[in-house]
Amino acid sequence: MKSDQVQLSDVCNLIAGFAFKSKHFGNYKNKVIKIANITPPTVSMNNLVGVNLSQYNSSKLGRFVAHTGDYVLAMTGATIGKIGRIESGDAYINQRVLLFRSKEDKIDKDFLYYTLQQYEFEQYVLGHIDSESAQPNISAGTIGKYQFHLPCMDSQIGIGRFLRMLDEKIELNRKINDNLEQQARTLLVQWMMENEGNYKVFSLTDVAEINPDTYSPKNAWEYVNYLDTSSIIDGIISEVQYINPSTEKLPSRARRIISANDVVFSTVRPNQRHYGIICEPVSHMLASTGFAVVRSKHPYVSNELLYLCLTENSFVEKMQQLAEQSTSTFPSIKPSDLSSCEIPCPIDQCLSDALKAMFMCIYSTQRENASLAALRNALLPKLMSGEIDVFAIQL
């Protein structure tokens, strides 16, 4: 081992979760973090299950409590290796959840987090998965053997704070966008109340087209930017796949042509909220046939208005109930099922203009976040390896 290399177990304690029994879960005060609660970059603390501690020797469970600022990792399943930070609150960790507790005199907490975010750590986990088990898993001992470069404490603190600053700005922008979308929904409700009886309500197909443009191999595009259903959640796109059809196989599902301001709505498991409005699509953009693409055909009904109606919680729940009645492999709806969505038709352009302005602000902030994330991802390996001195970065 090189002198500047350490093992993960040297600088933090790794604690594998306790095997609570499912029959003891319920509406109890003491909460438990399960693998499903790890939703990077954080842990979803609002929907934790409770556990009846009277069934256990609670004096031995103290070491399994995760606190604010701790990090946990999924040790098995489809999300193996995914890491979340506990932003607030305490909870017990369930089996196959791994808790990292840094030794504060050896490693800065934020530096530890970004160490675990590196591509090298991801590849280490993937390369050490136990493939003989029924589902992929990795042990705490194996993770503890991961080796990485550890600079002096001052550099650790500087790197951690700098990268955390970028992430905090990204999170602030997300909150701003959540607020803007909520304002847009409130504006729509207020407009409907103030104009009650003075506007008409149409079904979706009266005011919009569903899947208006379909790609054919005869189009022979030189390249394709492909959006899969898993790559967008609550309006935020995580990835668009660039494909060169002359050298790569174009997915058979890449058929929905996307134009500016089109709304995409996944027809599989609607409650997973794989939907969004594509304000400025990249060129030659195709979406999966797992989406219904919705485009306004009415002069007073904007795509932003369509998006708000289609993504209202009550309508999403209605579509999920319908999906669960399907005979498909996965709970799904047909694009035509969206026609049951009721769309209020404005009597003038003012509402549409206001909604457009709000969504343009949302999109602008999303672009800023994409730039900040790209900067963070580019700097992360260089800062962690010492190639770039954090104290030389001018802000």
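Which residue in β23 is the bridge partner of valine 263? It is valine 294, and I would like to start from that strand and work outwards. Before I do, a word on conventions: this is a predicted model, in which local features need pLDDT of at least 70 and side-chain atom pairs count only at pLDDT 80 or more, while totals for chains, interfaces and linings use all residues. Residues are numbered from 1 along each chain as its sequence is written, and side-chain values use heavy atoms, with hydrogens and water left out.

Helices and strands here are DSSP runs, numbered from the N terminus, with H or I over at least four residues for a helix and E over at least two for a strand; two strands pair if DSSP finds at least two bridges between them. On that basis β20, residues 262–266, is joined to β23 by 4 bridges, and the two run antiparallel. β14, residues 208–210, also pairs with β23 in the antiparallel sense, over 3 bridges, and there the bridge partner of isoleucine 210 is again valine 294 of β23.

As for burial, I call a residue buried under 20% relative accessible area, exposed over 50%, and partly exposed in between, with a 1.4 Å probe and protein chains only. In β23, residues 291–296, 6 of 6 residues are buried. In a regular strand the side chains alternate between the two faces of the sheet. For β23 both faces are covered, with Phe291, Val293 and Arg295 on one side and Ala292, Val294 and Ser296 on the other.

Two loop residues that follow these partner strands have backbone angles to look at. Asparagine 211, in the loop between β14 and β15 (224–227), has a positive phi of about 55° although it is not a glycine, and at 17% relative accessibility it counts as buried. Arginine 273, in the loop between β20 and β21, likewise has a positive phi, near 60°, but at 22% relative accessibility arginine 273 counts as partly exposed.

Let me turn to the helices. In α7 (303–310), 8 of the 8 residues are buried, including Asn303 and Glu304 as well as Leu305 and Tyr307. In α8 (313–323), the buried residues are Phe315, Val316, Met319, Gln320 and Ala323. These cover an arc of only 140° around the axis, the arc being that of the directions from the helix axis to the C-beta atoms, so they lie on the same side of α8. Ser314 and Glu317, on the other side of α8, are exposed. The buried residues of α8 pack against β21 (275–278) and α7, where contact means heavy atoms within 4.5 Å.

In the loop between β21 and β22 (285–288) we find cysteine 279, which is buried, with a relative accessible area of 7%. Leaving aside neighbours within four places in sequence, cysteine 279 is in contact with Ala260, Asn261, Phe359 and Tyr363. Its C-alpha atom is separated by 8.5 Å from that of serine 259, 20 residues apart along the chain.

Both helices also help to line the second largest pocket, to which α5 (153–194), α7, α8 and β24 (342–345) each supply at least two residues. A pocket here is an open set of points on a 1 Å grid over the protein atoms alone, where a 1.4 Å probe fits, with protein on both sides within 12 Å along at least five of seven lines, and lining residues have an atom within 4 Å of a point. This pocket holds about 320 Å³ of space, the volume being that filled by probe spheres set on the points. Of its 15 lining residues, Met192, Cys309, Glu312, Glu342 and Pro344 lie nearest the centre, and α5 gives the most to the lining, with 4 residues.

Finally, a region earlier in the chain. Arginine 85, in β9 (residues 83–85), is buried at a relative accessible area of 17%. Not counting residues up to four places away in sequence, arginine 85 touches Pro41, Asp70, Asp110 and Arg164, among others. Proline 41, in the loop between β4 (38–39) and β5 (42–43), is joined to proline 40 by a cis peptide bond, with omega about 10°.
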